[in-house]
Amino acid sequence: MILQRRNRILRQSAAIRSMVAETRLSPDDFIVPLFIDEGENTRIEIPSMPGYYRNTLDLTVTEVKELWQMGLKSVLLFIKCKDEWKDNTGKEAWNPDGLMQRAVKAIKDAVPEMLVMTDVALDPYSSFGHDGIVENGQIVNDPTVEALVKMSISHAKAGADFVAPSDMMDGRIGAIRKGLEAEGYINTGIMSYSAKYASCFYGPFRDALDSAPGFGDKKTYQMDYANRIEAVKETLMDVEEGADIVMVKPALAYLDIIREVKNSVSVPVSAYNISGEYAMIKAAAKMGWINEDKAILETLTSIKRAGADLIATYFAKDAVRLIS
Ligand code: PBG
């Protein structure tokens with residue numbers, strides 16, 4: 001054959017492949033989710049997330065120092081609230097001495113440059129396990145937004161660099177921005193979970209925080225996975241209301257959404273490589289059915305290639321180890 005163009009020329013060695021690679025992973029890409037529990041010197045492996053732990057605050061601080069050493073620059077905090085502090089208002093969420101608030105302070109004291117992001121949603125604090133306040137079996141929007149504003153301000157006060165509302169109530173980004181401005185927190189960023197879908201892949205996370213909904217599901221606030229255009233609508237509204245960074249979540253079954261959002265906004269786009277996506281790779285690797293390291297790199301690269309500027313992932317440390 002005489003061919004004008006042989007595409008395999010650019011694939012024939014590792015050197016040329018690496019030179020023409022369109023997508024590269026870097027420690028700068030990753031946000032590290034951390035699960036924090038009350039107590040001391042204890043780490044508990046999450047059964048459905050092998051190799052991932054819920055740490056007490058002292059161990060979390062040690063972990064954050066290690067992450068910073070590795071070149072990871074951002075953590076996203078989730079706390080496990082004791083059952084006796086849960087109620088329908090979720091008021092423990094804005095307790096100035098709550099675990100989240102103490103965690104933010106302790107981490108910023110230990111590693112001031114680490115970007116600390118906090119999850120803002122009522123589910124870990126709700127006796128119903130819902131992201132909002134429940135009235136007559138409904139998740140009520142506007143009272144929930146008021147609670148989220150209080151929660152966000154208390155995180156900002158504790159020193160959070162970004163608040164990350166993951167609740168999908170209407171109007172919460174604008175309300176949180178207004179609240180932060182009114183209290184003088186003009187440097188606190190908002191990373192909005194803008195297109196967050198009602199997904200079965202959150203299961204392991206709900207194990208980690210004991211936060212599964214006590215009744216029903218989250219379909220009246222999280223998005224229907226059948227929808228794409230709605231993701232753009234949600235995201236554009238969050239940008240309009242003041243989101244600094246937007247997010248698509250989950251990531252893997254939603255790569256098309258990540259691209260759609262990336263092409264529609266001019267703010268950084270993040271994607272959350274969620275707990276169920278982590279669990280699937282871990283489970284298949286444990287069975288010897290896939291190569292875990294290769295699956296991690298391929299997965300994270302696909303999320304970045306789809307358009308994610310930032311990736312929240314439980315594989316952040318593995319990825320840094322694998323790319324360095
Ligand atoms: C809470 C929240 C969830 C996740 C992040 N924040 C669970 C949910 O919405 O039920 C999921 C993260 C993961 O699965 O890794 N609002």
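This is a short exchange about helix packing, pockets, cavities and two backbone features in a predicted model.

Biologist: What makes α4 oblique to α5?

Modeller: The axes of α4 (residues 141-158) and α5 (residues 172-182) cross at roughly 45°. Angles under 35 degrees count as roughly parallel, and 65 to 115 as roughly perpendicular. The crossing falls in neither range, so α4 is oblique to α5.

Biologist: Within what distance do the axes of α4 and α5 come, and what is the hand of the crossing?

Modeller: The two axes come within 9 Å. α4 passes α5 in a right-handed crossing.

Biologist: Which residues meet where α4 contacts α5?

Modeller: From α4 come Val 145, Leu 148, Val 149, Ser 152, Ile 153 and Ala 156. From α5 come Arg 172, Ala 175, Ile 176, Gly 179 and Leu 180. By class, this contact has eight nonpolar, two polar and one charged.

Biologist: Why is Gly 179 placed with the polar residues?

Modeller: The polar class takes in residues outside the nonpolar and charged lists, Gly among them. Gly 179 is part of the α4 contact with α5, so by that rule Gly 179 is polar.

Biologist: Now the open spaces. What is the volume of the largest pocket, and which residues lie closest to its centre?

Modeller: The largest pocket holds about 350 Å³. Its lining has 19 residues, and Gly 51, Tyr 52, Tyr 53, Glu 63 and Lys 317 are the closest to the centre. Elements giving two or more residues to this lining are β1 (30-37), β3 (49-56), α2 (57-69), α9 (275-286) and α11 (316-323). The lining divides into 11 nonpolar, two polar and six charged.

Biologist: What lines the second largest pocket?

Modeller: The second largest pocket has a volume of about 220 Å³. There are 13 lining residues, with Gln 138, Ile 139, Met 169, Thr 220 and Tyr 221 nearest the centre. Its classes are five nonpolar, six polar and two charged.

Biologist: What makes a space a cavity, not a pocket?

Modeller: A 1.4 Å probe fits in a cavity but cannot get out, whereas a pocket is open. Two cavities of 30 Å³ or more turn up in a search of the whole structure.

Biologist: Which residues lie nearest the centre of the largest cavity?

Modeller: They are Asp 123, Lys 196, Tyr 202, Phe 205 and Lys 249, out of 17 lining residues. The volume of the largest cavity is about 130 Å³. Its lining has six nonpolar, four polar and seven charged residues.

Biologist: How do you know that the second largest cavity meets the 30 Å³ cut-off?

Modeller: Its volume is about 40 Å³, and the search takes cavities of 30 Å³ or more. Strand β4 (residues 74-79) gives the largest share of the lining, three residues. The lining residues include Leu 77, Phe 78, Ile 79 and Asp 119. By class, eight are nonpolar, none polar and one charged.

Biologist: Why is Asp 119 counted as charged?

Modeller: Asp belongs to the charged list, along with Glu, Lys and Arg, so Asp 119 falls there.

Biologist: What is the omega of the cis peptide bond from Lys 249 to Pro 250?

Modeller: Omega is near -10°. Pro 250 sits in the loop between β10 (245-249) and α8 (255-262).

Biologist: What makes Asn 136 worth a mention?

Modeller: Asn 136 has a positive phi of about 50° and is not a glycine. Most residues other than glycine have a negative phi. Asn 136 lies in the loop between β6 (133-135) and β7 (138-140).

Note on methods. Residues numbered from 1 in each chain as written. Predicted model: local features only at pLDDT ≥ 70, side-chain atom pairs only at ≥ 80, totals over all residues. Heavy atoms only, no water. Axes fitted to C-alpha atoms, helices over the stretch in contact; angles between N-to-C directions. Helix = DSSP H or I, 4+ residues; strand = E, 2+ residues; numbered from the N terminus. Parallel < 35°, antiparallel > 145°, perpendicular 65-115°, else oblique. Left-handed = near helix turned anticlockwise from the far one by under 90°. Contact = heavy atoms within 4.5 Å. 1 Å grid on protein atoms, 1.4 Å probe; cavity = no way out; pocket = protein on both sides within 12 Å on 5 of 7 lines; lining within 4 Å. Points joined across faces, edges and corners; volume = space filled by probe spheres on them.
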